[in-house]
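Please open the structure in your viewer and keep the selection panel at hand. The tour below proceeds from one selection to the next.

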Amino acid sequence: MGLIEASRLKSPWILHYDTGSCNGCDIEILACLTPLYDIERFGMVNMGNPKHADVLVCTGALNKRSARVLKNLYEQIPDPKLVMVVGTCAISGGVFHNCYNVAGGADKVIPVDVYVPGCAARPEAIIDGVVKALGRLAELQEVARGKKSA
Amino acid sequence: MQPRTIVPFGPQHPVLPEPIQLKITYEDEKVVDVVPAMGYVHRGIEKACELNEFNKNIYLCERICGICSCIHGIAYCEVVERLWGLEVPERAQWLRTIWSEMERVHSHLLWLGLFADAFGFESLFMQYWRVREKILDMLELTAGHRVTHSVSIIGGVRRDIDTDQKKRLLETLAEIRREAQALNKVMMNDYTVKHRTVGKGPLTYDQALHLGCAGPVLRASGVKDDARMQPDLHRYGELGFEPVVETGCDSYARALVRARETIQSIDLQLAALEKLPEGELAAKPKGNPPAEEAVFRTEQPRGEMFYYAKGSGTKNVARVRVRTPTYANIPSLLVMLPGSELPDVPVIIHSIDPCISCTER
């Protein structure tokens, strides 16, 4: 394993985008980064720039206007990349499933690797999701190096 | 004339957790024009409220905003109770006041932290959020969840605060008050904070009134206006509520209002817990709400919120309309931003405490 691959697994950078959330999951993601849960000690940093990110964290029901932005952001993240959706809304639309401006979950426009349920998802659940995502990232890296088939 | 550049601020921006776009025109590094573009969080909750039965709308209204979810739920219940003419038991009214104020503490601590983050004071952000976790623990203890509390039902409340919980609540609130006050001292006196906030985003008394601003933005411009001043709202009258007013008219004054309100809100909770009477938790509604209209006005952490509901005589409501404080405060950005420098833009945008999910619903 090269230096870049090892550091990517040890310190994945996160890009957070809200596609139509109520803020509940967003503040829980921020709570993960602050002293009580503090996932920054594992090297996870919330980045504003998609070009620097490894994991796209997406919250909220997919709004029809946000869908284009989400796709755009996903395309700007360099490979190998992961998508984690947080909260019931981002999985299926949740309580907003029958609203006229909601298209459903984030997986309608981009491929999703990890689903974290909850309304709002608890920080413990989000941390668990990130750990699962890292396992998947290690797999993707193996595939990229030709050690394993997809 | 200097060459002009138009730079989009958002919809995805490191400072804002929520998507809103501001097309900002700069002349060199000075802002000359701002055009907001919205609609990235619009879900259509008001229409969805017409599709569901009236008692299921509580859960939908609570998810208008995750930061002030409790007050949204209470406001929806209150407006339906007014439609019905239901009398809410006294203990339930007091409990609603306590939970509303707990949510205000959590929301203001969250904002104070994010505001510190907006001008790069990372450690203050972390400290405020450390204190905020304590109030979230108390919300979890009394309401059962950290973020979406769902305490209110039509006719009263769903949960009670027993003696054990009350004891822990009194202890923790005193602790939060002490720690928040220590952090507020930094926010109020630190010269780096003052350097980045004093005089930034000016909004005069007349402008604030003319633009119809709400909440801390309005009170930081010297206007004494707070929906909690209504004599019949919950139990604020009996607690001797007086709004916090600052006259600085800038981002610093808006931070001061919220810092002082945090302490005031803890005091209101302590007083309310002392006065909490014994009694029933909820009145039972019968039948369906009549085909009439009702309104309800309350104070969210971000300002005045207005609910309107029209019954249809069936299980569904004919119309629910919500007016939220950020909707009233966004026009103030168009006055505050022009004339400011590029690095002050995030600070000024944050000073109104934008909650886009409330605004667009």
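Which residues are linked with R219(B) and D226(B) in a network of salt bridges? The model is a predicted one, and in it the network comprises E101(B), R104(B), R219(B), D226(B), R228(B), E261(B) and E299(B). Please select these residues of chain B and display their side chains.

**Within the network**

Restrict the selection to D226(B) and R219(B). Their side chains form a salt bridge, with an N to O distance of 3.1 Å. D226(B) has a relative accessible area of 4%, and the value for R219(B) is 1%. Buried means under 20% relative accessible area, so D226(B) counts as buried, and R219(B) counts as buried as well.

**Between the chains**

Next, select E28(A) together with R146(B). A salt bridge joins the two side chains at 2.8 Å, N to O. This pair crosses from one chain to the other: E28(A) belongs to helix 2 (residues 24-33) of chain A, while R146(B) lies in the loop between helix 5 (122-143) and strand 4 (152-153) of chain B. Is E28(A) buried or exposed? E28(A) is buried, at 0% relative accessibility. Its partner R146(B) is also buried, with a relative accessible area of 1%.

**Across chain B**

Move now to E46(B) and R361(B), whose side chains meet in a salt bridge of 2.9 Å, N to O. Here the contact links distant parts of the chain, the two residues being 315 residues apart. E46(B) is found in helix 1 (residues 45-51) of chain B, and R361(B) in the segment after helix 13 (356-360) of chain B. Both E46(B) and R361(B) are buried.

To place these pairs in context, the whole structure contains 32 salt bridges over all chains.

**A sheet in chain B**

Finally, switch to a cartoon view and select strands 1, 2 and 3 of chain B. These 3 strands form an open sheet in the order 1-2-3, with antiparallel pairing. Why is one side of strand 1 and of strand 3 left without a neighbour in the sheet? Strand 1 (4-9) and strand 3 (30-37) of chain B stand at the edges and each has a single partner strand, so one side of each has no neighbour there. From one strand to the next, the twist averages 20 degrees.

Strand 1 of chain B pairs with strand 2 (residues 21-27) of chain B in the antiparallel sense, over 6 bridges. To inspect one position, select P8(B): its bridge partner in strand 2 of chain B is K23(B).

Definitions and conventions
Residues numbered from 1 in each chain as written. Chains lettered and ligands numbered in written order. Predicted model: local features only at pLDDT ≥ 70, side-chain atom pairs only at ≥ 80, totals over all residues. Heavy atoms only, no water. Salt bridge = Lys/Arg side-chain N within 4 Å of Asp/Glu carboxyl O. Helix = DSSP H or I, 4+ residues; strand = E, 2+ residues; numbered from the N terminus. Buried < 20%, exposed > 50% of the residue type's maximum accessible area, 1.4 Å probe, protein only. Pairing = 2+ DSSP bridges. Axes fitted to C-alpha atoms, helices over the stretch in contact; angles between N-to-C directions.
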